[in-house]
Amino acid sequence: MAGRGPEPPGRPLGPPLPLALPLGLLLLLLAVGGDPSHSAELSFAVEPSDGVVVPAQPLVLGCRVEGTPPISITWRKDGTVLADREDAFLLANGSLYLAPFRAERGDGSSDEGEYDCVAQNRFGLVVSRKARIQAATMSDFHVHPESAVVEEGGVARFQCQIHGLPEPVILWERNQVPIDTEDDRYTLLPKGVLQITGLRAEDSGLFHCVATNVASVKFSRRARLTVSGGRSTAYKEPRILVGPENQTLTVHQTAVLECIATGNPRPIVSWSRLDGRPIGVEGIQVLGTGNLMISDVTVQHSGVYVCAANKPGTRVRRTAQGRLVVQAPAEFVQHPQSISRPAGTTAVFTCQAQGEPPPQITWLKNGQVLGPSSHVKLKNSNSTLTLSGISQEDEAIYQCIAENSAGSSQASARLTVLWAEGLPGPPRDVRAETVSATTVQVSWGEPLQNTQEIIGYVLHIRKATDPLEMEYQEAVSKSTFQQLVSDLEPSTRYSFYVKAYTSRGASRPSVVTVVRTLGEVPGMPALSVRVLNSTAIQALWEPSLKLGQHRGFKLFYRQVHLPRFVGPVLLPGNATSFNITHLDPAVVYEVKLLAYNQHGDGNITVRFVSLRETVDRTVPNPPCDCLKEEEGSKSSTATGLIVGIHIGIACIVFCVLFLVFGYRGRLLVCQPAQEQLSTPQRDPRGPATNGNSCPWRDREELGGNEKRLDPNELEQLFPPSQAAPPGDKGFPPDPGLPESCDETQMSTLPPEEFRYLEERRPETPDPDIPGIGVSPALRTDSSRSTSPSPAGEG
């Protein structure tokens, strides 16, 4: 349903208006009637409000708009334009008149729903708040009062409940007579509760409630109250019969928290907040003996309230609690302001609203919901609307809709785009072509008009998934119509558009073009190889950002002297190592690793590894072949000891043979083949003597101060004449015996510890071997002094 204003007041769009209207309707028409005042901004002076309508009665929804004429007004129901109907009229001031209102029509439709008013002029379009219209109804009672027998002086409580629109007013009658509300013992609560305290015999009777609203009048069933006996004097613990219920209200309504308690003596009822805050006194009233009533509630009244029944003079108490939630419809703290901005710049609207629960904010552009796009951004929970690179298409009326469960509000502002005369048009034919995985070629054509003042172009670049502030620009000279954009990410969508610039401003942006860069193969992984044992190695690598998007790895290996590789071994993308076993320990291996994806294989990393070094470290004496990989540490140690013992025994045997068959007076020195012969010096206190002995002590034990004698000096110390008596040639050295003990190191004593002892021949010399006697003893006893004598003297 639409109309053009201004029009003669009361012009019907269907049948003529009834001549007689109810008084309330006439007052509403006077309130919303009159000529609109023409202001520059299009806005609502009167908006439709929620209402409850009696079926078959007329409905009037107010809507008065201010702004530059001509103004077109349209009504919508549940988001759909209200079609022309015989029972619907658009009043001259923009209000909607429905007569009669029907809760249900023959086709199954209903006049109930949400209505809003849409106003439009040449600057834009605005939408009013939504008004919820419901039909007046009343159901049957779903809770009836129940009969009760209470002793005198006690407390009686009756309750009835019924649903209706608007909220029914409930009154009580006793024996068909309305309850006297002037009696303080009778308390009527808004939710259909009747409390009677201090019962007397005359309170007995039949009670029922009467519910009334504009739709109907309903009566509940009757309940009998019987007051029995006299007042009891027995002690009774305080007890709360009914405590407060959880309630949800809207600001400015009245909250009644019920609390009724019994006991003997009569308990004292008190109220507090669970959070410890004071309840206050303004708007607070106690109904009856303990009910709490809060008038004109606000959001600050929300909380948990505790009712306590206290025994007088003691700390004995019983408690009950209930939660009160107060909602507040959305209202604006800051309205959006109309602004004017040059083309190509940024426009920002701010709209802040408060309410309980916190309202949700939605933006409309000329009545259409506005969402984020390439140049539209919503921030701060949608309270800030940012339009970048504005153009003539952005010139409109923008509305901020704040809505929560308690209600909604709207505010509007207009954006005017200033356009300088003579600016060039937008660049044409913008194209983007992918060159490689990181490069895109963007080209465009010269604008159609006003090109003589162009001083250059600016290419705007942004990743398609990035927010607007991530956009960056590249400037291009006026004679260049293409740009190679590099350093882009592979397999990524980018958006591009171009503006032409003059000394007076920028042109409108070109059409946005979007292109995806080519895919890229992964980078080269960092590979290292670790030797595990003589037949196994481990390839290790670390995941890196340089690999990019990869599906997995391919591993190859081979013996360097062979032409073919083993592999590829396909490994998943999250793998970081792989063990290669059953290798030849005497061969050098080549290992290769690459990462691959849907675009192909990446560069190869190559490593060489040799297991021979591991074998050498494991077997220190390879010719002996006495240590194998499979033997344990115990067998290795035992083998080494056995070899050493054999070598030592062989050396001892050689030394004994030399002592038995060697020359008399010749010093036998056992030492490694690499060492020189070393003998002790002459003692300064006497001449040296021949000692044919083999000292088996380590050099470290004797110290490092011994002097070494060359063969000439040895001959001087031990001349041949003193080695044997005349005529006793002795035995020459046996050529079959070794001259040294290769595996045994010999040591010498320091000269100062040598003493020469007289050689004593045996009493019964061996007749077969002349000249050989008992070996002289080499003593180190410095306290014993003997006469030096040449070797061989008897």
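In this predicted model, Arg318 has a relative accessible area of 38% and is therefore partly exposed. Its side chain meets that of Glu237 in a salt bridge, with an N to O distance of 3.7 Å. Because Arg318 belongs to strand S32 (residues 317–334) and Glu237 to strand S24 (residues 236–242), the pair ties together parts that are 81 residues apart in sequence. Glu237, at 42% relative accessibility, is likewise classed as partly exposed.

This contact belongs to a broader set, as the count of salt bridges comes to 20. Side chains of opposite charge can pair when their charged atoms come close. Another example is the salt bridge between Asp275 and Arg273, at 2.9 Å from N to O. Here Asp275 is partly exposed at 46% relative accessibility, whereas Arg273 is buried, with a relative accessible area of 7%. Lys554 and Asp601 also meet through their side chains, at 3.3 Å from N to O. That pair links distant parts of the chain, since Lys554 sits in strand S52 (residues 552–559) and Asp601 in strand S56 (residues 600–601), 47 residues apart. With 19% relative accessibility, Lys554 falls under the 20% cut-off and so counts as buried, while Asp601 is partly exposed at 40%. Elsewhere, Arg85, Asp87, Arg102, Arg105 and Asp111 are joined into one network by salt bridges that share partners.

Turning to the pockets, the largest one holds about 1,500 Å³ of space. It is lined by 48 residues, and those closest to its centre are Glu167, Thr248, Leu249, Thr250 and Gln253. Several strands give two or more residues to this lining, among them S12 (131–135), S15 (156–159), S26 (255–257), S40 (396–404) and S41 (407–418). The largest share, 4 residues, comes from S25. In character, the lining divides into 17 nonpolar, 20 polar and 11 charged residues.

Strands S40 and S41 appear again in an open sheet of 5 strands with mixed pairing, ordered S33-S41-S40-S36-S37. Strand S33 (339–342) and strand S37 (368–369) stand at the edges; each has a single partner strand, so one side of each is left without a neighbour in the sheet. Within the sheet, S40 and S41 run antiparallel and are joined by 9 bridges. Asn404 is placed opposite Gly407 of S41.

The backbone also holds some less common local geometry. Most residues other than glycine have a negative phi, and most peptide bonds are trans. Against that background, the peptide bond from Asn264 to Pro265 is cis, with omega near 5°, and Pro265 is found in the loop between strand S27 (260–264) and strand S28 (268–273). A cis peptide bond also joins Glu356 and Pro357, with omega of about 0°; Pro357 lies in the loop between strand S35 (352–356) and strand S36 (360–365). Positive phi values occur at Ser491, about 50°, and at His582, near 55°. Ser491 occupies the loop between strand S46 (482–485) and strand S47 (493–502) and is partly exposed at 33% relative accessibility. His582 lies in the loop between strand S54 (577–580) and strand S55 (588–597) and is exposed, with a relative accessible area of 75%.

Finally, an unreviewed UniProt entry places a transmembrane region at residues 641–661. In the model, the chain over residues 641–661 is 100% helix and 0% strand, and its end C-alpha atoms are 30 Å apart.

Notes. Residues numbered from 1 in each chain as written. Predicted model: local features only at pLDDT ≥ 70, side-chain atom pairs only at ≥ 80, totals over all residues. Heavy atoms only, no water. UniProt positions renumbered as here; feature names shortened; annotations may be inferred. 1 Å grid on protein atoms, 1.4 Å probe; cavity = no way out; pocket = protein on both sides within 12 Å on 5 of 7 lines; lining within 4 Å. Points joined across faces, edges and corners; volume = space filled by probe spheres on them. Nonpolar A, V, L, I, M, F, W, Y, C, P; charged D, E, K, R; others polar. Buried < 20%, exposed > 50% of the residue type's maximum accessible area, 1.4 Å probe, protein only. Pairing = 2+ DSSP bridges. Salt bridge = Lys/Arg side-chain N within 4 Å of Asp/Glu carboxyl O.
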